[in-house]
Amino acid sequence: MKDADKDDAIVVAVTRDGRLYMATRRSPKEEITGQIKDRIANKLDKTVYVKSDARAKYGDVVAIVDEIRSAGVDQLGLLTEKTQPLGRTAPKPPQPQANPGD
């Protein structure tokens, strides 16, 4: 989602302990709906992006998505970080063996 990198993109981050951030500012859950309404009021692109810590509780993320939807947002993007697939680590190269006769 290349548009999430724009300076005026609206990104809501959810930490593993349920704290919320808009941009770099911490925001109480009760204020998120109003803040989003204010931010999208004069924008053509009303997309809001949710970025979640991998260890965030699913219920916390769903609650924020519900808050964002109640602010009138129809376009919602979920941001993730690329990780290496489980069980697909590259094997380590064999270590050279010392020859005892050399």
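**Exercises on a five-stranded sheet and Thr47**

Val14 has Leu20, a residue of β2, opposite to it. The model is a predicted one, in which local features require pLDDT of at least 70 and side-chain atom pairs pLDDT 80 or more, whereas totals for chains, interfaces and linings use all residues. Residues are numbered from 1 along each chain as its sequence is written, and side-chain values rest on heavy atoms, without hydrogens and water.

**Exercise 1.** Determine which strands make up the sheet, and how β1 and β2 pair.

*Solution.* Step 1: strands are DSSP runs (E, at least two residues) and helices likewise (H or I, at least four), numbered from the N terminus. Step 2: two strands pair if DSSP finds at least two bridges between them. Step 3: the open sheet has 5 strands in the order β3-β2-β1-β4-β5, and its pairing is mixed. Step 4: β3 (25–27) and β5 each have a single partner strand, so one side of each edge strand lacks a neighbour in the sheet. Step 5: from one strand to the next, the twist averages 30°. Step 6: β1 (residues 10–14) and β2 (residues 20–22) are antiparallel and share 3 bridges.

**Exercise 2.** Describe the connection of β4 and β5.

*Solution.* Step 1: β4 and β5 run parallel and are joined by 4 bridges. Step 2: one bridge pairs Lys51 with Leu79 in β5. Step 3: together with α2, the two strands form a right-handed β-α-β unit; right-handed means that, with the strands pointing away from the viewer, the path from the first strand over the helix to the second runs clockwise.

**Exercise 3.** Establish the surroundings of Thr47, and state whether Thr47 is buried or exposed.

*Solution.* Step 1: Thr47 lies in the loop between α1 (29–40) and β4 (48–52). Step 2: Thr47 counts as buried because its relative accessibility is 13%; the cut-offs are under 20% for buried, over 50% for exposed and partly exposed in between, with a 1.4 Å probe and protein chains only. Step 3: beyond its neighbours within four places in sequence, Thr47 is in contact (heavy atoms within 4.5 Å) with Ile10, Gln75 and Gly77. Step 4: the C-alpha atoms of Thr47 and Val73 are 6.7 Å apart, although 26 residues separate the two along the chain.

**Exercise 4.** Find which element has the highest mean pLDDT.

*Solution.* Step 1: pLDDT is the predictor's confidence in each residue, from 0 to 100. Step 2: the chain has a mean of 83, with 74% of residues at 70 or more. Step 3: among the elements, helix α2 (residues 58–70) has the highest mean, 94, and strand β5 (residues 76–79) the lowest, 90.

Definitions and conventions:
Axes are lines fitted to C-alpha atoms, for helices over the stretch in contact, and angles run from 0 to 180 degrees between N-to-C directions.
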